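The following exercises are to be worked with the sequence and the three-dimensional model at hand. Each task is followed by a solution in steps.

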Amino acid sequence: MAKSTDIKVKLSSVDEVKQFVDVMRGYHGDVDISATNKNYMVDAKSILGVISLDLRDELTVKFYDGISDSTSSRIRQLTFNKRNIRQTEAIRAVVKKDIRS
């Protein structure tokens, strides 16, 4: 069984949440998200769940089935913002590559 991996992200708008959830739905395993300093965790593939979180906080994404080190470091470097939609495409590519590995 793979070790779980936690990654911090910041989502600033509903559009970013939609893009994030879209990417997470492409991930092959279980993934949850929570506000970093709260005890409230939701399915990262659920748009309603992610929107219910306080988007002012940094969020922690937990990949239960683990992800490769290279995928983990690439996702950590990404942030979500309206000015750079290409980041979402980069995450999609990372997740697809991880699925193939």
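**Exercise 1: Asp6 and its partner**

Asp6 is partly exposed, with a relative accessible area of 37%; here buried means under 20% relative accessible area, exposed over 50%, and partly exposed in between (1.4 Å probe, protein chains only). The model is a predicted one, in which local features need pLDDT of at least 70, side-chain atom pairs count only at pLDDT 80 or more, and totals for chains, interfaces and linings use all residues. Residues are numbered from 1 along each chain as its sequence is written, and side-chain values use heavy atoms, with hydrogens and water left out.

Task: Determine which side chain meets that of Asp6 in a salt bridge.

Solution.
- Step 1. The criterion is a side-chain nitrogen of Lys or Arg within 4 Å of a carboxyl oxygen of Asp or Glu.
- Step 2. Lys62 satisfies it, with an N to O distance of 3.1 Å to Asp6.
- Step 3. The pair connects distant parts of the chain, since Asp6 lies in strand E1 and Lys62 in strand E4, 56 residues apart. Helices (H or I, at least four residues) and strands (E, at least two) are DSSP runs, numbered from the N terminus.
- Step 4. Asp6 and Lys8 form the uncovered face of E1, whereas Thr5, Ile7 and Val9 form the covered one. In general, side chains in a regular strand alternate between the two faces of the sheet.

**Exercise 2: The second salt bridge**

Task: The structure holds two salt bridges; identify the residue with which Arg56 forms one, and state whether Arg56 is buried or exposed.

Solution.
- Step 1. The partner of Arg56 is Asp54, and their closest N and O atoms are 2.9 Å apart.
- Step 2. Arg56 has a relative accessible area of 69% and is therefore exposed.
- Step 3. Asp54, at 27% relative accessibility, is partly exposed.

**Exercise 3: The sheet**

Task: Establish the strand order of the sheet and explain why E1 and E3 each leave one side without a neighbour.

Solution.
- Step 1. Along the sequence, the protein chain runs β-α-β-β-α-β-α-α, with four helices and four strands.
- Step 2. The four strands form an open sheet in the order E1-E4-E2-E3, with antiparallel pairing; two strands pair if DSSP finds at least two bridges between them.
- Step 3. Strands E1 (5-9) and E3 (41-43) stand at the edges with a single partner strand each, so one side of each has no neighbour in the sheet.
- Step 4. On average, neighbouring strands of this sheet are turned by 30° against each other, direction ignored. The axes are lines fitted to C-alpha atoms, for helices over the stretch in contact, and angles run from 0 to 180 degrees between N-to-C directions.
- Step 5. E1 pairs with E4 (residues 59-63) over five antiparallel bridges. In E4, Leu59 is the bridge partner of Val9 and Val61 that of Ile7.

**Exercise 4: The nonpolar core**

Task: Find which element gives the most residues to the largest nonpolar core.

Solution.
- Step 1. A nonpolar core is a set of buried Ala, Val, Leu, Ile, Met, Phe, Trp, Tyr and Cys residues joined through side-chain atoms within 4.5 Å.
- Step 2. The largest such core has 22 residues, and those with the most contacts inside it are Leu11, Phe20, Met24, Ile33, Leu59, Val61 and Phe63.
- Step 3. Two or more residues come from each of E1, helix H1 (14-25), strand E2 (31-35) and E4.
- Step 4. H1 gives the most, with five residues.
- Step 5. Beyond its neighbours within four places in sequence, Met24 is in contact (heavy atoms within 4.5 Å) with Val31, Ala44, Lys45, Val61 and Phe63.

**Exercise 5: Two polar residues**

Task: Describe the surroundings of Asp32 and Ser52.

Solution.
- Step 1. Asp32 belongs to strand E2 and counts as buried at 18% relative accessibility.
- Step 2. The side chains of Asp32 and Tyr64 share a polar contact of 2.9 Å. A polar contact is a pair of N or O atoms within 3.5 Å; within protein, one must be able to donate a hydrogen and the other to accept it, and residues adjacent in sequence count only if both atoms are side-chain atoms.
- Step 3. Contacts of Asp32 beyond four places in sequence include Met41, Thr60 and Lys62.
- Step 4. Ser52 lies in the loop between helix H2 (47-51) and E4 and is partly exposed, at 38% relative accessible area.
- Step 5. Ser52 touches Tyr40 and Val42, residues up to four places away in sequence not being counted. The side chains of Ser52 and Tyr40 are joined by a polar contact of 3.3 Å, and the side chain of Ser52 reaches the backbone oxygen of Gly49 at 2.5 Å.
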